[in-house]
Amino acid sequence: TGEMLFDGVPIDGSNPDPHVYLLEVTTGSEMRSEAPGLPEFSIVVPEGTWDVWVDLRDLPFDPEYSRWPLVSGLEMRGDQRVDFQAETALVSGTVRMEGALPPEPSYDFRWELQFENVETGARVFHWLDATESWECAVPVGVWDVFLSIWDNDHPEDGGTLLVASGLDATK
């Protein structure tokens with residue numbers, strides 16, 4: 001059991017989608033909280049060493065869908081309460097495509113920023129719209145940033161580009 005806090009504030013537990021995930025380091029076995037919803041959670045796991053993630057799908061802040069890493073190498077030995085405190089940083093920037101604003105996203109065309117943690121490889125995503133400026137919350141850490149373009153009408157025009165390396169997202 002435990003409680004999930006972001007920047008010292010409990011996550012709104014009214015959303016049914018968020019779950020706490022644990023990945024056993026040695027076997028790769030994955031466990032998910034039995035009852036969705038945060039900030040309180042409960043999960044039964046075998047003893048072992050676990051990496052802990054939270055799935056923040058559909059919460060009212062960016063990124064829109066992501067598993068955020070919380071703890072690496074957590075030793076679980078019997079019943080215990082573990083509270084998690086995730087620290088986030090607000091990052092922002094501008095995007096231009098060949099000097100112009102990007103096109104408005106649609107069913108056939110959309111684009112996103114992908115933040116990849118340089119230490120853990122964890123990824124968080126932020127969907128973009130047709131505005132020049134963007135901002136989103138990411139876990140504190142150092143990130144490589146990629147721009148991904150999805151074009152269903154012209155797949156050859158899609159792809160992923162590294163647009164920033166070593167972004168230090170701190171408080």
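The paragraphs below go through a predicted model, from its overall makeup to a few individual residues.

The chain has 171 residues. Its secondary structure consists of 14 strands and zero helices, so read from the N terminus the order of elements is β-β-β-β-β-β-β-β-β-β-β-β-β-β, where a strand is a DSSP run of at least two residues. Of the residues, 39% count as buried. Among contacts with a separation of 6 or more, 60% are between residues 24 or more positions apart.

Confidence should be kept in mind while reading the rest. The average pLDDT of the chain is 76, and 78% of the residues score at least 70. Residues 58-65 have a pLDDT below 50, although this stretch has 26 contacts in the model beyond near neighbours in sequence.

The interior comes next. The largest nonpolar core has 33 residues, and the members that touch the most others are Phe115, Trp134 and Val138. Val138 shows how such a residue is surrounded. With neighbours within four places in sequence left aside, Val138 is in contact with Trp68, Glu87, Thr88, Ala89, Val91, Phe115, Val124, Trp143 and Ala169. Phe115, itself one of the three residues named for the core, is thus listed among the contacts of Val138.

Phe115 also leads to a charged residue. Asp144 lies in strand 13, which covers residues 141-151. Is Asp144 buried or exposed? Asp144 is buried because its relative accessible area is 17%, and the cut-off for buried is under 20%. Not counting residues up to four places away in sequence, Asp144 touches Gln114, Phe115, Glu116, Val118, Leu162, Ala164, Ser165 and Gly166. Two of these residues have polar partners for the Asp144 side chain. The side chain of Ser165 makes a polar contact with that of Asp144 at 3.2 Å, and the backbone nitrogen of Gly166 is reached by the Asp144 side chain at 2.9 Å.

A second buried acidic residue is found in strand 3, which spans residues 19-24 and contains Glu24. Which side chain of opposite charge is nearest to Glu24, and how far away is it? The nearest is Arg77, at 6.9 Å. A salt bridge requires a side-chain nitrogen of Lys or Arg within 4 Å of a carboxyl oxygen, so Glu24 has no salt bridge although the residue is buried. The Glu24 side chain does reach the backbone nitrogen of Thr49, at 3.2 Å. Thr49 is also one of the residues that Glu24 touches outside its sequence neighbourhood of four places, together with Ser29, Gly48 and Trp50.

Arg77 has a partner elsewhere. Side chains of opposite charge can pair when their charged atoms come close. The structure holds one salt bridge, and the side chains that meet in it are those of Glu75 and Arg77, with 2.7 Å from N to O. Where does this pair stand on the scale of accessibility? Glu75 is partly exposed because its relative accessible area is 40%. Arg77 is partly exposed because its value is 48%.

Strand 3 also holds Tyr21. Tyr21 counts as buried because its relative accessibility is 6%. The C-alpha atom of Tyr21 is 9.8 Å from that of Leu70, a residue 49 positions away along the chain.

After strand 3 the chain enters the loop that leads to strand 4 (30-32), and Thr27 is in this loop. Val25 is in the loop between strand 3 and strand 4 as well, and so is Gly28. Val25 is partly exposed because its relative accessible area is 47%. Aside from neighbours within four places in sequence, Val25 is in contact with Thr49, Trp50 and Asp51. Its C-alpha atom is 8.0 Å from that of Gly48, 23 residues away in sequence. Thr27 counts as exposed because its relative accessibility is 61%. The side chain of Thr27 reaches the backbone nitrogen of Ser29 at 3.1 Å, and its C-alpha atom is separated by 9.5 Å from that of Gly48, 21 residues apart along the chain. Gly28 counts as partly exposed because its relative accessibility is 43%. From Gly28 to Asp51 the C-alpha distance is 9.8 Å, across 23 residues of sequence.

Terms used:
Residues numbered from 1 in each chain as written. Predicted model: local features only at pLDDT ≥ 70, side-chain atom pairs only at ≥ 80, totals over all residues. Heavy atoms only, no water. pLDDT = per-residue confidence, 0-100. Contact = heavy atoms within 4.5 Å. Core = buried A, V, L, I, M, F, W, Y, C linked by side-chain atoms within 4.5 Å. Buried < 20%, exposed > 50% of the residue type's maximum accessible area, 1.4 Å probe, protein only. Helix = DSSP H or I, 4+ residues; strand = E, 2+ residues; numbered from the N terminus. Lys, Arg positive; Asp, Glu negative; His and termini not counted. Polar contact = N/O pair within 3.5 Å; in protein donor to acceptor, adjacent residues only side chain to side chain.
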